[in-house]
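The exercises below walk through one protein model step by step, each with a worked solution. Please look over the sequence and the structure before starting.

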Amino acid sequence: MSRAAPNILFILADDLGWADLGVYGATDFATPHLDALAGEGVRFTQAYANSAVCSATRFALITGRYQYRLRGGLEEPIARSGHVHGLPPEHPTLPSLLKGQGYDTALIGKWHLGHPPAFGPLRSGYDRFFGNLGGAVDYFTHKPGVGDAVPTDLWEGEVPVERVGYYTQVLADEAEAYVRGRAGQARPFFLSLHFTAPHWPWEGPGDEAVSRELRDLFHYDGGSLRKYGEIVEALDAAIGQVLAALEQTGQARDTIVVFTSDNGGERFSKTWPLVGQKTELLEGGLRVPTLLRWPARIAPQVQEQVAITADWLPTLLAAAGGAPHADYPSDGENLLPVLEGQAPVHPRTLYWRYKAQAQRAVRDGDWKYLKINDNEFLFDVVADPRERANLRERQPEVFARLRQQWLDWNEGFLPITDEVFTHGVTPDVQADRYVPERATRAL
């Protein structure tokens, strides 16, 4: 292939909320590097994650398809011992398809799509892997749990390795070295840089002592708005370090940089004006900050086009001169024509489901159908992004149409069975998720 093909740096945050960057509304801490990236490229205002939880979205990112097509994608998230679920190595992926286009491919950071020997990054298209295979690690011990008996989850390829340091910084250093090493190479690169920040536990760069005192990695007894800000600021600085390496090596102009999150924010995240959070199909659990920069082809802009995680596979493949595998067509769409001004912003129809609280959602144009347990809603999420005005009785035909659309769509995917794992926010750990004694409409 021609070396005119762009490099691609795909940066994925973990549980970053809608308003956790300055350009999206953060006020309690600063994100200067990501704010600058937004000013130099595209800032999306209506970009969604494929799921309200991590590994499910990662299935959609790497395959370009709804995660519900694969058994591992049903898990919310992959979390149970035994590691029997994951991404089948025979399935075409974004890195494997780019590799077929002549790219060198690397994943630095979080994988969370199944463990070797059955699954793993090196089996699904990446030439190089450094990072954690599971869903969460302590920022200092790099362990997926607490205690001396818990092994670290840090790997170079499929070999366990040790590193000293704050994990966000460890990943930044590895990514910077990779970017600098690619300068002047004949083949373009695809680097997936998947941070665990700002996922719990709530540890900033100076909190190694907190790490030693943890009782549980979920860290339900810790954290604060100030601490969360430290974690996000460290993430921003790490990204700035890698972007500086691109600039200093003369690779920035011809590198596509994408930044987004795997789902909405968690306990200390800011989602204003949205409501809801990770594990919920409210806008705050699904809508994510999303940035793209490609100086060689795409002008800076604020982009209102509705987008979803599965769009990145067809979009990035098109930028590289390729296309999705004919036998595995993408459920997403190529966003380049809109971003380059060759096609208008247009309505989309997107679908979600989530086992906890029996949640269902459809976004069709400006309308959103939402079901949580036995409660059903219809919102105009453009006029009412806070999802407060339930229009199901005022717009019964729209409500019935979207409700049926979801049922028809759902028939095409693997069923959610009793054995599927799910994680939800429960009243015993988060006080604002209380269940009223009498859940009836006030008179």
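**Exercise 1. How much space lies in the second largest pocket?**

Solution. The model is a predicted one, and the value is computed from its atoms: about 710 Å³ of space lies in the second largest pocket. The next step is to look at the lining, which is made by 29 residues, and those that lie nearest the centre of this pocket are Ile 78, Ala 79, Gly 135, Ala 136 and Pro 144. Sorted by kind, the lining residues of the second largest pocket divide into 15 nonpolar, ten polar and four charged.

**Exercise 2. Describe the largest pocket, and find which strand supplies the largest share of its lining.**

Solution. Begin with the volume, since about 1,500 Å³ of space lies in the largest pocket. A total of 41 residues line this pocket, and Leu 282, Ile 372, Asn 375, Phe 377 and Tyr 434 are the closest to its centre. Sorting the lining by kind gives 14 nonpolar, 14 polar and 13 charged residues. As for the strands, β15 and β16 each supply at least two residues of the lining, and the largest share, four residues, comes from β16.

**Exercise 3. Work out the order of the strands in the sheet that contains β15 and β16, and say which strands are at its edges.**

Solution. The sheet is open and has four strands, which follow one another in the order β13-β14-β15-β16 with antiparallel pairing. The edge strands are β13, residues 349-354, and β16, residues 375-380, each of which pairs on one side only. Neighbouring strands of this sheet are turned against each other by 10 degrees on average, if direction is ignored.

**Exercise 4. Follow the chain through the two hairpins of this four-stranded sheet, and find which residues take a positive phi in them.**

Solution. Start with β14, residues 359-364, and β15, residues 367-372, which pair in the antiparallel sense over five bridges. Within this pairing, Arg 363 stands opposite Lys 368 of β15, while Asp 364 stands opposite Trp 367 of β15. The two strands form a hairpin with two residues between them, and in the turn Gly 365 has a positive phi of about 65 degrees.

Continue to the second hairpin, where β15 and β16 pair in the antiparallel sense over six bridges. Here Lys 371 has Glu 376 in β16 as its bridge partner. This hairpin also has two residues between its strands, and Asn 373 takes a positive phi near 55 degrees.

**Exercise 5. Why is one side of β7 and one side of β11 left without a neighbour in the sheet?**

Solution. First establish the sheet: ten strands form an open sheet with mixed pairing, in the order β7-β6-β5-β4-β8-β1-β9-β10-β2-β11. Strands β7, residues 159-160, and β11, residues 301-303, stand at the edges with a single partner strand each, so one side of each has no neighbour in the sheet. The partner of β11 can then be examined: β2, residues 42-44, pairs with β11 in the parallel sense over three bridges, and in this pairing Val 42 stands opposite Gln 301 of β11.

**Exercise 6. Identify the strands of the ten-stranded sheet that helices α1 and α7 touch, and check the length of α7.**

Solution. Helix α1, residues 32-40, packs on the sheet and touches β2, β9 and β10, with its direction making about 60 degrees with that of β10. Helix α7, residues 225-248, also packs on the sheet, where it touches β1, β8, β9 and β10, and its direction makes about 175 degrees with that of β1. For the length, α7 has 24 residues, which at 1.5 Å a residue should span 34 Å, and its end C-alpha atoms are 34 Å apart, so the two values agree. Just after α7, Gly 250 takes a positive phi of about 75 degrees.

**Exercise 7. Locate two cis peptide bonds and a residue that has a positive phi although it is not a glycine.**

Solution. One cis peptide bond joins Trp 200 and Pro 201, with omega about 5 degrees, and Pro 201 is found in the loop between β8 and α6. Another runs from Trp 272 to Pro 273, with omega near 5 degrees, and Pro 273 has its place in the loop between β9 and α8. The residue with the positive phi is Asp 15, at about 70 degrees, and Asp 15 lies in the loop between β1 and α1.

Technical notes:
Residues numbered from 1 in each chain as written. Predicted model: local features only at pLDDT ≥ 70, side-chain atom pairs only at ≥ 80, totals over all residues. Heavy atoms only, no water. Pairing = 2+ DSSP bridges. Axes fitted to C-alpha atoms, helices over the stretch in contact; angles between N-to-C directions. 1 Å grid on protein atoms, 1.4 Å probe; cavity = no way out; pocket = protein on both sides within 12 Å on 5 of 7 lines; lining within 4 Å. Points joined across faces, edges and corners; volume = space filled by probe spheres on them. Nonpolar A, V, L, I, M, F, W, Y, C, P; charged D, E, K, R; others polar. Contact = heavy atoms within 4.5 Å. Expected span 1.5 Å × (residues − 1).
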